[in-house]
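Trainee: Could you walk me through this one? I'd like to know how each label is earned.

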2 protein chains.
Amino acid sequence: MQHITADQLPHMEQRYRSNLINCLSGFKNLSLLGSIDEKGQTNLAVFSQVFHIGADPALIGVLVRPQSVRRHSLANILQSGDFTLNNVREHMLLRAHQTSARWEESEFSACGFTPWFSPQIKAPYVTESTLRIGLRLAEALPLTINNTVLVIGSVQEIWVPEYCLQPDGFIDLETAGSLSCSGLDSYHYTLSLGRLSYAKTDRVPEFLNQEQL
Amino acid sequence: MQHITADQLPHMEQRYRSNLINCLSGFKNLSLLGSIDEKGQTNLAVFSQVFHIGADPALIGVLVRPQSVRRHSLANILQSGDFTLNNVREHMLLRAHQTSARWEESEFSACGFTPWFSPQIKAPYVTESTLRIGLRLAEALPLTINNTVLVIGSVQEIWVPEYCLQPDGFIDLETAGSLSCSGLDSYHYTLSLGRLSYAKTDRVPEFLNQEQL
């Protein structure tokens, strides 16, 4: 095993350290965040720092670095109050990655995505995505420890194909075509191992079959 | 497309809503969090809410629900200041899932994992894991919006096999055998699509080959 200690980190080349530390948090969600400014210019940015905050109330968190190119997303969310999260499928990957370049125009037109608006949410959805979530800003919490902002959105609506939704509410992300990512630039398919039964001390967990869902 | 709106959520059966909302954040990291109490009893809990906070300083966040069975992890972290994150490989999956049952004894012995201690960190590592991260509590931030706690740990040390570490600091999680998860109970392998070149407005991103890493 290689042993890397905290006192080595400051001496590493910046890109090396960034790759290393960004990999520690494992496989991540890959989303396109849609937003809009007060003049009506749309913005789209690929995000890997999107996470579940709670189911009741239904809350999703996004960690934003105000110094990055993604600052437009933050400014738009704070201004309009709305944003969308859209899954990334394989045929969208190069274009999704490309949204992280420094575009002057909207990433929708620059990268070839089609905006779509629902009556409930001001921000644009990505027509090419099969899982689309509309959120309203609930809280923007500054993390003073490293000057990032934890944006917490309240789920307003969900658009999901019927064939991805299982009888117990589970969304089959593989059927939806969602990809995963790791580090700063690595992308992954997934292959389901299955769903496990609720953990109890008196029995070994089992993979559920269709009848048990 | 199925359209689910916020006003439908309170009327859903609790388990249905929990499955649905927990799936929205996509594919997630799967980790075992090791901790220890002041009497020396070890604790191990499977976590999917682990995320990158920043690379410089190197910070990782874990979202903990104080009402859940994982409250022991939180109490231990607040008490000792240390915790570990350990990856979950395929042969560990059933036992990792089983740590979420309500055990009286240590989950290490109850679920069949072997604790290992480094000189730097009070909390136990999982010997069976190939990627092990030692963290020290930097901040415990209460999210008043839903009574969860965002535990932010400062990376103290990393244990990773040489063969998983690429020349530019990237950790190949697939070679490390790490799994991903989605929802509350679904587990996944991953298959790499590759790493993409840095996004620039004047060129299409390309998958990197070994020489470019």
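Mentor: Sure. Start with a term: a salt bridge is a side-chain nitrogen of Lys or Arg within 4 Å of a carboxyl oxygen of Asp or Glu. Keep in mind too that this is a predicted model.

Trainee: What makes A:Arg17 and B:Asp56 a salt bridge?

Mentor: The closest N and O atoms of A:Arg17 and B:Asp56 are 3.3 Å apart. The cut-off is 4 Å, and the partners have to be Lys or Arg on one side and Asp or Glu on the other. An Arg and an Asp at 3.3 Å therefore fit the term.

Trainee: Where do the two partners of that pair sit?

Mentor: The pair crosses between chains. A:Arg17 belongs to helix H1 (residues 14–24) of chain A, while B:Asp56 is in the loop between strand E5 (50–55) and strand E6 (58–64) of chain B. Between chain B and chain A the count is 4 salt bridges, and over all chains the structure holds 10.

Trainee: What else is there in polar terms between chain B and chain A?

Mentor: There are 42 residue pairs in polar contact between chain B and chain A, both residues being at pLDDT 80 or more. On the side of chain B that touches chain A, the residues divide into 53 nonpolar, 33 polar and 17 charged.

Trainee: How many residues of each chain are in contact?

Mentor: 103 residues of chain B are in contact with 103 residues of chain A. To count, heavy atoms must come within 4.5 Å.

Trainee: And how is the size of such an interface expressed?

Mentor: Often as the accessible area lost when the parts come together. Here about 9,100 Å² is buried between chain B and chain A, and carbon and sulfur atoms give 66% of that. In chain B, the residues that lose the most area to chain A are B:Met1, B:Phe27 and B:His52, together 9% of what that side buries.

Trainee: Why is the relation between the chains called a two-fold axis?

Mentor: Look at the superposition: a rotation of 180 degrees, with 0.0 Å of shift along its axis, puts chain B on chain A at an RMSD of 0.0 Å. That is the relation of a two-fold axis, so the name fits. The same surface serves both copies, as 100% of the contact residues of chain B recur in chain A.

Trainee: Which residue of chain B comes closest to the rotation axis?

Mentor: B:Thr190, with its C-alpha at 2.1 Å.

Trainee: Back to that loop with B:Asp56. What is the peptide bond from B:Asp56 to B:Pro57 like?

Mentor: The bond joining B:Asp56 and B:Pro57 is cis, with omega about 5 degrees. B:Pro57 is placed in the loop between E5 and E6 of chain B. In chain A, the bond from A:Asp56 to A:Pro57 is cis as well, with omega near 5 degrees, and A:Pro57 lies in the loop between strand E5 (50–55) and strand E6 (58–64).

Trainee: What is there to note about A:Asn147?

Mentor: A:Asn147 is not a glycine, yet its phi is positive, about 55 degrees. This residue is in the loop between strand E10 (132–143) and strand E11 (148–160) of chain A. For B:Asn147, phi is near 55 degrees.

Trainee: How confident is the predictor in chain A and in the complex?

Mentor: The mean pLDDT of chain A is 96, and 98% of its residues reach 70 or more. pLDDT runs from 0 to 100. For the complex, the predictor gives an ipTM of 0.97 and a pTM of 0.96.

Note on methods:
Residues are numbered from 1 along each chain as its sequence is written. Chains are lettered from A and ligands numbered from 1 in the order in which they are written. Side-chain values use heavy atoms; hydrogens and water are left out. Copies are superposed by least squares on the C-alpha atoms of residues with pLDDT of at least 70 in both. Buried area is the accessible area (1.4 Å probe) that two parts lose on being put together, summed over both. A polar contact is a pair of N or O atoms within 3.5 Å; within protein, one must be able to donate a hydrogen and the other to accept it, and residues adjacent in sequence count only if both atoms are side-chain atoms. Ala, Val, Leu, Ile, Met, Phe, Trp, Tyr, Cys and Pro count as nonpolar, Asp, Glu, Lys and Arg as charged, and the others, Gly among them, as polar. Helices (H or I, at least four residues) and strands (E, at least two) are DSSP runs, numbered from the N terminus.
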